[in-house]
Amino acid sequence: MRRMTEPEDVPAIPPYAEAVLELAERIPPGKVMTYGDVAEYLGRGGPRQVGRVMALYGAPVPWWRVIRADGRPLPGHEHRALPEYRAEGTPLRTVAGEPRVDLRAARWDGTP
DNA sequence: ATAATGACGTCGG
DNA sequence: TCCGACGCCATTA
């Protein structure tokens, strides 16, 4: 028989999380948005909320296009993010021998 | 209802 | 450059 309610052991994606993921999918290759940019664009939440969403549900989307405001790739995930940036042509700048995303050139404002 | 938790951001030292 | 303190706010316990 069908239950009147959804099973509790199936994690439902919260509405805010869906909005974040939907926007993340829209970020064009070669461009990035910071956590703060995403929150500002959505008009709700904040950088930390976006970060939480990406941590929990970001795996299926191009997570490497959502980065910190300092342009540094996720610590511990550089080896996955950097090849993506190279393949997409994301503007990078080398600082102290470490590659970072050049936000001046790579930041996406939401305009297609 | 309150408290704790965070892929963060900004500022000060 | 690195570190700490504080603000932020959706979600969970």
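Me: Which exposed residues sit on the face of H3 turned away from its buried side?
Reply: In this predicted model, the face of H3 that points away from the buried side carries Arg48, Ala55 and Leu56, which are exposed.

Me: And which residues of H3 are the buried ones?
Reply: The buried residues of helix H3 are Val50, Val53 and Met54. They are on the same side of H3, because the arc they cover around the axis is only 95 degrees.

Me: What covers those buried residues?
Reply: The cover over the buried residues of H3 includes H1, H2 and E2.

Me: OK, what about Pro47, where does that lie?
Reply: Pro47 lies in helix H3, and, leaving out residues up to four places away in sequence, Pro47 touches Tyr35, Gly36 and Ala39.

Me: Why does Pro47 count as partly exposed?
Reply: Pro47 has 16 C-beta neighbours inside 10 Å, and a residue needs 20 or more to be buried and 12 or fewer to be exposed, so Pro47 with its 16 counts as partly exposed.

Me: How far apart are Pro47 and Gly76 in space?
Reply: From C-alpha to C-alpha, Pro47 and Gly76 are 20 Å apart, and in sequence they are 29 residues apart.

Me: Switching to the DNA, how many residues surround strand B, and which are the closest?
Reply: DNA strand B is surrounded by 17 residues, of which the closest are Gly51, Met54, Gly58, Trp63 and Ala69. Helix H2 (35-42) and helix H3 (47-57) are the elements that give two or more residues to this surface, and H3 gives the most, with seven residues.

Me: What's the mix by class near strand B?
Reply: The surface near DNA strand B has eight nonpolar, six polar and three charged residues.

Me: And which residues are around strand C?
Reply: Among the residues around DNA strand C are Pro14, Tyr16, Arg44, Arg48, Gln49 and Val95. The elements that give two or more residues there are helix H1 (15-26) and H3, with H1 giving the most, at three residues. By class, this surface near strand C has six nonpolar, three polar and two charged residues.

Me: Last topic, which residues touch the most other members in the largest nonpolar core?
Reply: That core has 15 residues, and those that touch the most other members are Val20, Val32, Tyr35, Val38, Val50, Val66 and Val101. At least two residues of this core come from each of H1, H2, H3 and strand E2 (66-67).

Me: What is Val38 in contact with?
Reply: Apart from its neighbours within four places in sequence, Val38 is in contact with Val20, Leu23, Met33, Val50 and Val66.

Definitions and conventions:
Residues numbered from 1 in each chain as written. Chains lettered and ligands numbered in written order. Predicted model: local features only at pLDDT ≥ 70, side-chain atom pairs only at ≥ 80, totals over all residues. Near = placed C-beta within 6 Å. Helix = DSSP H or I, 4+ residues; strand = E, 2+ residues; numbered from the N terminus. Nonpolar A, V, L, I, M, F, W, Y, C, P; charged D, E, K, R; others polar. Core = buried A, V, L, I, M, F, W, Y, C linked by C-beta atoms within 7 Å. Contact = placed C-beta atoms within 7 Å. Arc of directions from axis to C-beta.
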